[in-house]
Amino acid sequence: MVESRVEVETVVEVTPDRWTSRIGVFDLETTGVDVTQDRIVTAYVGLLDATGRVIHEEHWLADPGMDIPEGATAVHGITTAHARAHGRPAAEVVAEVTAALRTLLSAGIPVVAYNAAYDFSLLKCEGDRHGLQPLDSPAPVIDPLVIDKTLDRYRKGKRTLDVVAAHYAVPLDAAHEASADAIAAGRVALALAERFADRLPDDVLELHTRQIGWAREQAESLTEYFISIGRLEPSEALNGTWPVR
């Protein structure tokens, strides 16, 4: 776990020829899976070139202000004692992560996040919690999970990051460590862009808009399935809002 923080550079605003020329990557490790109640423990924001090489990165370790459940520690390895001893105040971390993402997005650089609705929603809730201006409508965002489920819909098996990364021959040696997950997600996005070049738009804002519809359709389909097996009541529905719920 890298706990030092690299100062963010000013990103010069550019309009890349294709969205794959430079991509931001983003991942959080947290105290749990409830975006409204759980907190950030570690965060990573990086910048990759078209080959997937890291050309800039920032790491954060936060004191989340609450105990980290043992189950969460088992996933990412950070204990409550370690976070309290070495983590920075949560409000500072949330502000800096939000600012780093806003810098990339305002320059037109897409930010890749695997299952983006989780990370961006939790970050927004954290911003609200600390009285910060959140990223209400981040764009452009690239979500390899949404894209993969759309373009290879009938492939059997799990769609966790480690499984999908292996499918696209992307190494992931330290799953559930924020930097490793973010970088792998970025490289999966690049692999998807290459494999499905004939089905993905070059214009990143068009791709962002398409993912909004794809995420909604996937939630509707999963809702129907869950109702059919009794996991949801007929009156219930999964939230397919993307990239912030």
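In this predicted model, the side chain of Arg-39 reaches the backbone oxygen of Gln-37, at a distance of 3.2 Å. Arg-39 itself is placed in the loop that lies between strand 1 (22-30) and strand 2 (40-49).

The surroundings of this residue deserve a closer look. Although Arg-39 is buried, it has no salt bridge, and the nearest side chain of opposite charge, that of Glu-126, is 4.5 Å away. A salt bridge is counted when a side-chain nitrogen of Lys or Arg is within 4 Å of a carboxyl oxygen of Asp or Glu, and the 4.5 Å between Arg-39 and Glu-126 therefore does not qualify under that cut-off. Glu-126 nevertheless appears among the residues in contact with Arg-39 once neighbours within four places in sequence are left aside, together with Glu-29, Thr-30, Thr-31, Pro-64, Met-66, Leu-122 and Arg-129.

From this residue one can turn to the chain as a whole, whose secondary structure comes to 8 helices and 6 strands, arranged along the sequence in the pattern β-β-β-α-α-β-α-β-α-β-α-α-α-α. The radius of gyration of the protein chain is 18 Å, close to the 18 Å that the globule rule gives for 245 residues, so the chain is as compact as a globular protein of that length. Along its principal axes, the C-alpha trace spans about 45 × 45 × 35 Å.

Of the 245 residues in the protein chain, 51% are buried, while the chain exposes about 11,800 Å², of which carbon and sulfur atoms supply 51%. Among contacts between residues at least 6 apart in sequence, 67% join residues that are at least 24 apart.

Technical notes. Residues numbered from 1 in each chain as written. Predicted model: local features only at pLDDT ≥ 70, side-chain atom pairs only at ≥ 80, totals over all residues. Heavy atoms only, no water. Helix = DSSP H or I, 4+ residues; strand = E, 2+ residues; numbered from the N terminus. Buried < 20%, exposed > 50% of the residue type's maximum accessible area, 1.4 Å probe, protein only. Lys, Arg positive; Asp, Glu negative; His and termini not counted. Polar contact = N/O pair within 3.5 Å; in protein donor to acceptor, adjacent residues only side chain to side chain. Contact = heavy atoms within 4.5 Å. Rg over C-alpha atoms; globule rule 2.2 N^0.38 Å. Areas by Shrake-Rupley, 256 points an atom, 1.4 Å probe, with all protein chains shown as cover.
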